[in-house]
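Subject: Structure handover

Hi there,

Here is the structure I promised to pass on to you. Please have a look at it first, and then read on for what turned up.

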Amino acid sequence: MSKGHRSKYKRLRNENRETRPHAILRNVRISDSKARIVLNHIKGKPAVPALAMLNYSPRYASYVIGKLLKSAMANAENNMGLDPENLFIEEAFANRASIMKRIQPRAKGRAYRIQKRFCHITLILNERLGG
């Protein structure tokens, strides 16, 4: 192995790294379709009103996504020095993760499969310039 082998891969990895403020939540015990319903409501909205919408939504996914949005806003403020009032949600998506497979006993010795789905949720913020 030549010298500088690892640094080459680190350089390539860092070139593709996300530069916008973001937060990722992995292996959440919510199905991706239920998380997408909430994410579609807040996509493209300013961060502070979106947080208020999530606080008053009755869905469990909104509680989890609200915590993730607070984390993304804190990342933007503390790591990048951005003003939380100027932030908006540029991208929000939920990807399918692993599935826990369980068995439900049924009549006559049969068994039905229960699939408990997980997802990865990503929020990417950006700063809106010019009010």
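Below I go through the sheet, the helices, the charged side chains and a few backbone angles.

Please keep in mind that this is a predicted model.

**The sheet**

Let me start with the strands. Three of them make up an open sheet in the order 1-3-2, and their pairing is antiparallel. Strand 1 and strand 2 are the edge strands, each pairing on one side only. From one strand to the next, the twist averages 10°. Five bridges link strand 1 to strand 3 in the antiparallel sense; in one of these strands, strand 3, I121 is the bridge partner of L25.

Two helices are worth viewing together with the sheet. Helix 2 packs on it and touches strand 2 and strand 3, with a direction at about 165° to that of strand 2. Helix 4 lies across strand 1, strand 2 and strand 3, and runs at about 145° to strand 1.

For a residue inside the sheet, try T122, which is found in strand 3 (residues 111–127). T122 has a relative accessible area of 10%, so it counts as buried. Beyond its neighbours within four places in sequence, T122 is in contact with A23, I24, E91, A92 and F93. E91 will come up again further down.

**Helix 4 and helix 3**

How well does the span of helix 4 agree with 1.5 Å a residue? Its 21 residues should span 30 Å, and the end C-alpha atoms are 30 Å apart, which agrees. The buried residues of helix 4 are A61, S62, V64, I65, G66, L68, L69, A72, M73 and A76. They pack against strand 1, helix 2, helix 3, strand 2 and strand 3. Just after helix 4 comes G81, with a positive phi of about 70°.

Helix 3 (residues 47–55) has A47, A50, L51 and L54 buried. These residues cover an arc of only 105° around the axis, and therefore sit on the same side of helix 3. The buried residues of helix 3 pack against helix 2 (32–42), helix 4 (60–80) and strand 2.

L51 is a handy residue for following that packing. It lies in helix 3, and its relative accessible area of 15% makes L51 buried. Leaving out neighbours within four places in sequence, L51 is in contact with G66, L69, K70 and M73. Among these, G66, L69 and M73 also appear in the list of buried residues of helix 4. If you would like a distance to check, the C-alpha atoms of L51 and S62 are separated by 9.3 Å, the two residues being eleven apart along the chain.

**Salt bridges**

How many salt bridges does the structure hold? There are five, and the ones I would show you involve R20.

R20 meets E18 in a salt bridge, with 2.6 Å from N to O. E18 is partly exposed, at a relative accessible area of 30%. R20 also forms a salt bridge with E90, where the closest N and O atoms are 2.6 Å apart. E90 is in strand 2 (residues 87–105), while R20 is in the loop between helix 1 (5–15) and strand 1 (22–28), so this pair ties together parts that are 70 residues apart in sequence. E90 is partly exposed as well, at 30% relative accessibility.

The salt bridge between E91 and R20 has its closest N and O atoms 3.0 Å apart. E91 lies in strand 2 too, so its pairing with R20 ties together parts 71 residues apart in sequence. With a relative accessible area of 29%, E91 is partly exposed. Through shared partners, these salt bridges join E18, R20, E90 and E91 into one network.

**Backbone angles to look at**

Most residues other than glycine have a negative phi. Two residues here go the other way.

N27 has a positive phi, near 55°, and is not a glycine. N27 is found in strand 1 and is partly exposed, with a relative accessible area of 47%.

K108, also not a glycine, has a positive phi of about 60°. Where does K108 lie? Its place is the loop between strand 2 and strand 3, and at 75% relative accessibility K108 counts as exposed.

Happy to talk any of this through whenever suits you.

Best wishes

Definitions and conventions: Residues are numbered from 1 along each chain as its sequence is written. This is a predicted model: local features need pLDDT of at least 70, side-chain atom pairs count only at pLDDT 80 or more; totals for chains, interfaces and linings use all residues. Side-chain values use heavy atoms; hydrogens and water are left out. A salt bridge is a side-chain nitrogen of Lys or Arg within 4 Å of a carboxyl oxygen of Asp or Glu. Buried means under 20% relative accessible area, exposed over 50%, partly exposed in between (1.4 Å probe, protein chains only). Helices (H or I, at least four residues) and strands (E, at least two) are DSSP runs, numbered from the N terminus. The arc is that of the directions from the helix axis to the C-beta atoms. Contact means heavy atoms within 4.5 Å. The expected span of a helix is 1.5 Å times one less than its number of residues. Two strands pair if DSSP finds at least two bridges between them. Axes are lines fitted to C-alpha atoms, for helices over the stretch in contact, and angles run from 0 to 180 degrees between N-to-C directions.
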